[in-house]
Each structure stands twice: as C-alpha cells, then as structure tokens.
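Here are my notes for you on this one, written as a set of numbered points. Keep the structure open next to you and find each residue as it comes up.

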Amino acid sequence: PAVGVMGVEWGRRAGDEGVRTSSGAVMASVGSPTTQHMDYARRILRELPESVHQAIGSVDGAQAALLALLVAAGGDSRDRQAAMIRGAAGDAMAARALALAEALQPLGERARLPVLDLAIPTLKELSQPGRDRLLALVKDLIEADRRVTVSEFVLITICRRHLAAQMKGGPPVKHKSVQSVSNQIAIVVSMLIHAGRCRPDI
C-alpha cells in the first residue's frame, strides 16, 4: 500500500511498493521525508493526466480539479454531486469536474493530496466570497453520501486551512513546538493509521 499524509494508506494498487510504518516512526520522520516517500510522490505526479495539469493552471480549472477529487465513481451519489455542482457553479463547471473525475479515476484516492497541493496556489487567487462558496460546495459534496472518510476529512481540513477567512492578527499561539503536544499527535496518528488499515475504501 502507498502511504499518504501521516502514514495513512490513501490508495492501494497492485504493484505498489509497500511503506510500512507506525505512529512512532511517523512522529520521528515529521519534516524529514524519506527517499521512498519522495519517489512515490514524483511517480504520482507523473501519472496525473495531462488534462489535470492543464486545468490547474486556471482558477476555474483548479476549482473543477478540486471538485473532481470528491465525485463518486458512479451511482446515486455521483448524480447528487453533479446536481450540486450544477446548482452552485453552473453546467460548464459540472461538466468539467465530471470529465476530470473520469480522468483521475484510475489513480483512485491516492491522487487527492497531490492534485490538491498543485491546485491550492491557484485557488488562492479567488476572492474571499469565491473561496467561501467553494468551501461550502466541497463540504456538500463530501456529505452527499452521508459519510466522511479519513481522506475526505484531511482534504477539507487542508482546504479550510488555506482558503478560509483568517482571523485578524491570527489566533493566539498556545504551543511553540511539536514536542509540547507530542502525546496528542501520537494519538491522532495512531488513529489515522488504524483507520487506513481497517477501511478498504481508504
């Protein structure tokens, strides 16, 4: 299995080289990605469809790429999500998001973080009202199937971190180092790793 953020196995594919980890190993490696991690990230970026790379270069395309990451493979959930995108962003955006979702489908959920990482700088060009509308739509798409996976939670958390309105002056700093909250981080990491091992759809 391929290891994503904080050791969670975001996607599985035959032939992928495994990266075994534990909460302790992840804690020790924070800020120091291994050659194996870097090689995996480069491979995913190379495998992204050209249509995705091109889309990310424009604000509309980056929005469509982000929405595409959340579109279900098929069924009622996909239909509901398509209707949500049309209602919030128009027919053209819905058509583009669905086309990009189709292109990304062979990569599965493991494409989510690389595509999001590429799209965020372009999405920051949106006005704050535009960002707020996009975040609301992302939330609605995630909740369309009435459940939230670990990878969806991570995705919307990253989106909010980069796109939500910031408090003036910033929030007060309670902790000045990772070490001061190492026990809490270890608990969260352990939960994420456990979820990644137990959920076949993550």
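1. Let's begin with a pocket. The second largest pocket has a volume of about 430 Å³. It is lined by 23 residues, and the closest to its centre are L69, V71, A72, A73 and R112. Keep in mind as you look that this is a predicted model.

2. Which elements give two or more residues to that lining? They are α5 (75-89) and α6 (91-104). Helix α5 gives the most, with three residues. By residue type, the lining of the second largest pocket divides into ten nonpolar, six polar and seven charged.

3. Now step back to the whole chain. The secondary structure comes to ten helices and zero strands, so if you read the elements from the N terminus on, you just get α-α-α-α-α-α-α-α-α-α. Of the 202 residues, 38% count as buried. Here's a figure for how the chain folds back on itself: among contacts between residues at least 6 apart in sequence, 76% join residues at least 24 apart.

4. Next, the salt bridges. How many are there? The count comes to six. A good one to find is E47 with R110, where the closest N and O atoms are 3.1 Å apart. E47 lies in helix α2 (residues 35-47) and R110 in the loop between α6 and α7 (112-123), so this pair ties together parts that are 63 residues apart in sequence.

5. Are the two partners in that bridge buried or exposed? E47 has 28% relative accessibility, so it counts as partly exposed. R110 has 5% relative accessibility and counts as buried, because the cut-off for buried is under 20%.

6. A second bridge to look up is R78 with E102, with 3.8 Å between the closest N and O atoms. This pair also links distant parts of the chain: R78 sits in helix α5 and E102 in helix α6, 24 residues apart. R78 counts as buried at 17% relative accessibility, while E102, at 45%, counts as partly exposed.

7. Stay on α5 for a moment and look at what surrounds R78. Leaving out residues up to four places away in sequence, R78 touches V71, A72, A73, L98 and E102. You have met some of those names already: V71, A72 and A73 are among the residues closest to the centre of the second largest pocket. S77 lies in helix α5 too, and at 18% relative accessibility S77 counts as buried. With the same neighbours left out, S77 touches A72 and D145.

8. R112 deserves its own point. This residue is one of those closest to the centre of the second largest pocket, and its side chain meets that of E109 in a salt bridge (3.7 Å, N to O). R112 counts as buried at 7% relative accessibility, whereas E109 is partly exposed, with a relative accessible area of 22%. There is a third member to find here: E109, R112 and E152 are linked in a network of salt bridges.

9. What about the nonpolar side of things? The largest nonpolar core has 38 residues, and L66, L67, L104, V115, L123 and V138 touch the most other members. Six helices each supply at least two residues of this core: α3 (50-55), α4 (59-68), α6, α7, α8 (128-142) and α9 (150-163). Try zooming in on L66. Setting aside its neighbours within four places in sequence, L66 is in contact with L116, L123, L134, V138, L155 and C159.

10. One last residue to check: R146. You'll find R146 in the loop between α8 and α9. Its phi is near 65°, a positive value in a residue other than glycine. Is R146 buried or exposed? R146 is exposed, with a relative accessible area of 72%. Set that beside R112, the arginine from point 8, which counts as buried at 7% relative accessibility.

Key
Residues numbered from 1 in each chain as written. Predicted model: local features only at pLDDT ≥ 70, side-chain atom pairs only at ≥ 80, totals over all residues. Heavy atoms only, no water. 1 Å grid on protein atoms, 1.4 Å probe; cavity = no way out; pocket = protein on both sides within 12 Å on 5 of 7 lines; lining within 4 Å. Points joined across faces, edges and corners; volume = space filled by probe spheres on them. Helix = DSSP H or I, 4+ residues; strand = E, 2+ residues; numbered from the N terminus. Nonpolar A, V, L, I, M, F, W, Y, C, P; charged D, E, K, R; others polar. Salt bridge = Lys/Arg side-chain N within 4 Å of Asp/Glu carboxyl O. Buried < 20%, exposed > 50% of the residue type's maximum accessible area, 1.4 Å probe, protein only. Contact = heavy atoms within 4.5 Å. Core = buried A, V, L, I, M, F, W, Y, C linked by side-chain atoms within 4.5 Å.
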